[in-house]
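Grab a pencil and let's work through a few exercises together. Try each task yourself before you read the solution below it.

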Amino acid sequence: MSRALIENGLAWRYTHERMTALIRDPDTVALVACDGTRIQGFAVMQFGDEHAHLTLLCVQPTQQRRGIGMRLHDWLFPLAAWRSP
């Protein structure tokens, strides 16, 4: 989904290996929004000592403007405030 919707026309940065490493990183949170068995969106946030970085946020075009991205955002941002010093 990242390759088709975010990185379209760009050099592909988020390879399978890189995404796996992000998901396994204890300072990273990855969320997936599903409709049954279909992935409709996802978000990845990385946490540092003082800052959080929303690395990726993507929603399938057919599911955009339905609040999925906002719900992913609303779930992640309180974590950023909670983890800050």
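**Exercise 1.** In which strand is the place of T28? Work out, too, whether T28 is buried or exposed.

*Solution.*
Step 1: Find the residue. T28 sits in strand 1. Keep in mind that you're looking at a predicted model.
Step 2: Check the accessibility. T28 has a relative accessibility of 9%. The cut-off for buried is under 20%, so T28 counts as buried.
Step 3: Look at its surroundings. Leaving out residues up to four places away in sequence, T28 touches L22, V44, M45 and Q46. With L22 there is also a polar contact: the T28 side chain reaches the backbone oxygen of L22 at 3.5 Å.

**Exercise 2.** List the elements of the protein chain from the N terminus on.

*Solution.*
Step 1: Count them. The protein chain has three helices and three strands.
Step 2: Put them in order. From the N terminus on, you read α-α-β-β-β-α.
Step 3: Ask about compactness. The radius of gyration is 13 Å, close to the 12 Å that the globule rule gives for 85 residues, so the protein chain is as compact as a globular protein of that length.
Step 4: Add the dimensions and the burial. The C-alpha trace spans about 40 × 30 × 20 Å along its principal axes, and 31% of the 85 residues count as buried.

**Exercise 3.** In what order do the three strands form the sheet, and is the pairing parallel or antiparallel?

*Solution.*
Step 1: Recall the background. Strands of a sheet pair through backbone hydrogen bonds, and they can do so parallel or antiparallel.
Step 2: Read off the order. Here the sheet is open, its order is 1-2-3, and the pairing is antiparallel.
Step 3: Find the edges. Strand 1 (28-35) and strand 3 (52-59) each have a single partner strand, so one side of each is left without a neighbour in the sheet.
Step 4: Go through the pairs. Eight bridges join strand 1 to strand 2 (residues 38-47); one partnership is that of A33 with G41 in strand 2. Seven bridges join strand 2 to strand 3, where V44 partners L56 and A43 partners L57.
Step 5: Look at the turns. The hairpin of strand 1 and strand 2 has two residues between the strands, and G36 takes a positive phi near 70° there. The hairpin of strand 2 and strand 3 has four residues between them.

**Exercise 4.** Why is strand 2 largely enclosed by the rest of the structure?

*Solution.*
Step 1: Count the buried residues. Seven of the 10 residues of strand 2 are buried, so this strand is largely enclosed.
Step 2: See what packs on the sheet. Helix 2 (residues 16-24) does, touching strand 1, strand 2 and strand 3. The direction of helix 2 makes about 65° with that of strand 2.

**Exercise 5.** What is the sign of phi at R65, and is R65 buried or exposed?

*Solution.*
Step 1: Locate the residue. R65 lies in the loop between strand 3 and helix 3 (68-83).
Step 2: Recall the usual case. Most residues other than glycine have a negative phi.
Step 3: Compare. R65 isn't a glycine, yet its phi is positive, about 70°.
Step 4: Check the accessibility. The value is 88%, and R65 therefore counts as exposed, the cut-off being over 50%.

Key: Residues numbered from 1 in each chain as written. Predicted model: local features only at pLDDT ≥ 70, side-chain atom pairs only at ≥ 80, totals over all residues. Heavy atoms only, no water. Pairing = 2+ DSSP bridges. Contact = heavy atoms within 4.5 Å. Axes fitted to C-alpha atoms, helices over the stretch in contact; angles between N-to-C directions. Rg over C-alpha atoms; globule rule 2.2 N^0.38 Å. Buried < 20%, exposed > 50% of the residue type's maximum accessible area, 1.4 Å probe, protein only. Polar contact = N/O pair within 3.5 Å; in protein donor to acceptor, adjacent residues only side chain to side chain.
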